[in-house]
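Please open the structure in your viewer and keep the selection panel at hand. The tour below goes from stop to stop, saying at each one what to select and what is to be found there.

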Amino acid sequence: MSTQTPTLTDRLSRPIHDLRVSVTDRCNFRCVYCMPKDVFDKQYKFLPRKELLSFEEIERVVKAFAEQGVTKIRLTGGEPLVRTDLEHLIEKVAAVEGIRDVSLTTNASLMTLKRARSLKDAGLKRVNVSLDAMDDETFMKVNDVGVSVQTVLDGIEAAAAVSFDAIKINMVVKKGLNDHSVLPMARFFHGTGQILRFIEFMDVGNVNAWDLSHVLTVSQIAELINAELPIEPVEANYRGEVAKRWQYKDGGGEIGIISSVSQPFCGDCSRARLSAIGGLYTCLFATDGHDLRALLRDEDPAKSSDEALREKIRAIWSVREDRYSETRSQVSVIRPKVEMSFIGG
Ligand code: SAM
Ligand code: SF4
Ligand code: SF4
C-alpha cells in the first residue's frame, strides 16, 4: 500500500521534487574544473566499494523520497557509466511507485550502442551529455585524459539511435579555457533536435581555483550566440526549471543557459543530492551531508525502518534554508565545500 504523504516543503516553501543520486566518485576523465589531476592523482583514495550504498539501499532511499513528493531521479557521479551494472539500479529505481522520470548525466565516452540500448531497456528516459568543446585541442585540454570530441559524439549518436525521450548536451563555459567554443558548439547542435545548454562555471568544491573573472554570464553567452544565430527567449517549461530557454528564430531548435552564478535560482530549488556513500546534501555548495547510510545499516530494526528513514528525510528537508548562490557575494568566511565529483552535478 502506498504511504504517499503531501509533498514535503522546506522553510522557504520549496517542495522536494528531484533527487540526484551519485553512484560513484570515480571518473575516467580529469576535467580541469572538476577533478584536476594534481588532486585526483594516482595517490588519491577513491571510495572503496563496500563504502558505497548498495543498489538495494539506494532503492530504499528513492522509495522514501518518492513517498514525500520526489518524482524525478537523475543518476550522476563521478562518471556513472563506469558502473557496469548501472542498469540494475535503473530497473529498481524506475519501478518505484511515484517515480516518473529516470535520467542520467554522463560524459558519454563509454556510451556504446549496446550500452545505450540496455540503459533504455532498463527504464532510463533521458540523457544529458557533457561536452565542452568541438575541437580536440580544447576538449583534451578540458578532459585532460586525451579523449577526442568524436568519442563523445559517437556516444551521443548511440544514445540518439535508441530514441531516449530527450538528449541534452551540457557545456560548462570557463573564460580563457573554452569560451571560444560557444559558437562552434551552437553551430554544431543547431537543427539537431538536441538541446544545447551552457552552464556558467561555478565555485563548486575547493579544488578548481574558481574566480568570478572566469565566468561568462548568461547574458554574455546569449549575446554571443544571438549575433550569429538570432535567438528569442522562451517561457520556462515548469517552476524550478534550472535553464533559461531561448529558441532560434530560424526554427533551428532551442538552447538553454544555466545561470547559477549571475542569476541564481535558489528560490525554486527543489533538488536534493545523495552521495555514493549515502550522504544527503540539500545544496550543491554544502559542506556536510546528512548520513543516511548509518541509519540504513543500523542493527536496530526500529532505527533502520522505512518510517525512520522517511522521518529523517522529513526532518532534514523541513528545516532547509540553503540559498548559497543568492548569498555568494555576501559570504565572507570561506568554508570547505563538497566536491562536484563526490555528490554529482
Ligand atoms: N561525469 C558526468 C558528466 O560529466 O556529465 C557526471 C558528473 S559531472 C560532475 C556533472 C556535470 O557537472 C557536468 O556537466 C560537468 O560539466 C558539471 N560541472 C562539474 N564541475 C563544474 C563547475 N565547476 N561548474 C559548472 N559545472 C560543473
Ligand atoms: Fe568526470 Fe564529469 Fe567531473 Fe568531468 S565533469 S571529471 S567527466 S565527473
Ligand atoms: Fe539549490 Fe544550493 Fe544551487 Fe541554490 S545554490 S540553486 S539552493 S543547490
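**Two ligand shells**

In this predicted model, the shell around ligand 2 divides by class into five nonpolar residues, two polar ones and no charged ones. To see this shell, select ligand 2 together with Cys-27, Phe-29, Cys-31, Cys-34, Met-35, Gly-78 and Asn-107, which are the residues around it.

Next, select ligand 3, around which lie Phe-265, Cys-266, Cys-269, Arg-273, Cys-283, Leu-284, Phe-285, Arg-320, Asp-322, Tyr-324 and Ser-325. Sorted by class, the shell around ligand 3 has seven nonpolar residues, one polar residue and three charged residues.

**The sheet**

Now turn to the strands, where twelve of them form an open sheet with mixed pairing, and follow them in the order E7-E8-E9-E6-E5-E4-E3-E2-E1-E10-E11-E12. Select residues 231-234 for strand E7 and residues 290-291 for strand E12: these two stand at the edges, and because each has a single partner strand, one side of each is left without a neighbour in the sheet.

For a look at one pair within the sheet, select residues 101-106, which are strand E3, and residues 126-130, which are strand E4; the two pair in the parallel sense over four bridges. Selecting Ser-103 then leads across to E4, where Arg-126 is its bridge partner. In general, the strands of a sheet pair through backbone hydrogen bonds, in either the parallel or the antiparallel sense.

**Helices H1, H2 and H3**

Select helix H1, residues 55-66, and then add H2; the two pack at an angle of about 25°, with their axes 10 Å apart. That angle makes H1 roughly parallel to H2, and the crossing of the two is right-handed. If you show side chains here, you will find Phe-55, Glu-56, Ile-58, Glu-59 and Val-62 in H1 meeting Leu-86, His-88, Leu-89, Lys-92 and Val-93 in H2. By class, this contact of H1 with H2 has six nonpolar, one polar and three charged residues.

Keep H2 selected, residues 86-94, and add helix H3, residues 113-122, which packs against H2 at an angle of about 25° with the axes 8 Å apart. H2 and H3 are therefore roughly parallel to each other, and their crossing is right-handed. On the H2 side the contact is made by Leu-86, Glu-87, Ile-90, Glu-91 and Ala-94, and on the H3 side by Arg-115, Ser-118, Leu-119 and Ala-122. Five nonpolar, one polar and three charged residues make up the contact of H2 with H3. Leu-86 of H2 is worth keeping highlighted, as it takes part in the contact with H1 and also in the contact with H3.

**Helices H6 and H7**

For the last stop, select residues 182-189 for helix H6 and residues 218-228 for helix H7, whose axes come within 10 Å and cross at roughly 55°. How are H6 and H7 set to each other, parallel or oblique? The crossing angle is roughly 55°, and H6 and H7 are therefore oblique to each other, with H6 passing H7 in a right-handed crossing. Val-182, Leu-183, Ala-186 and Arg-187 of H6 make the contact with Ile-221, Leu-224, Ile-225 and Glu-228 of H7. By class, the contact of H6 with H7 has six nonpolar, no polar and two charged residues.

Note on methods. Residues are numbered from 1 along each chain as its sequence is written. Chains are lettered from A and ligands numbered from 1 in the order in which they are written. This is a predicted model: local features need pLDDT of at least 70, side-chain atom pairs count only at pLDDT 80 or more; totals for chains, interfaces and linings use all residues. Side-chain values use heavy atoms; hydrogens and water are left out. Two strands pair if DSSP finds at least two bridges between them. Axes are lines fitted to C-alpha atoms, for helices over the stretch in contact, and angles run from 0 to 180 degrees between N-to-C directions. Angles under 35 degrees count as roughly parallel, over 145 as roughly antiparallel, 65 to 115 as roughly perpendicular and the rest as oblique. A crossing is left-handed if the near helix is turned anticlockwise from the far one by less than a right angle, and right-handed if clockwise. Contact means heavy atoms within 4.5 Å. Ala, Val, Leu, Ile, Met, Phe, Trp, Tyr, Cys and Pro count as nonpolar, Asp, Glu, Lys and Arg as charged, and the others, Gly among them, as polar. A residue is near a molecule or strand if one of its heavy atoms lies within 4 Å of it.
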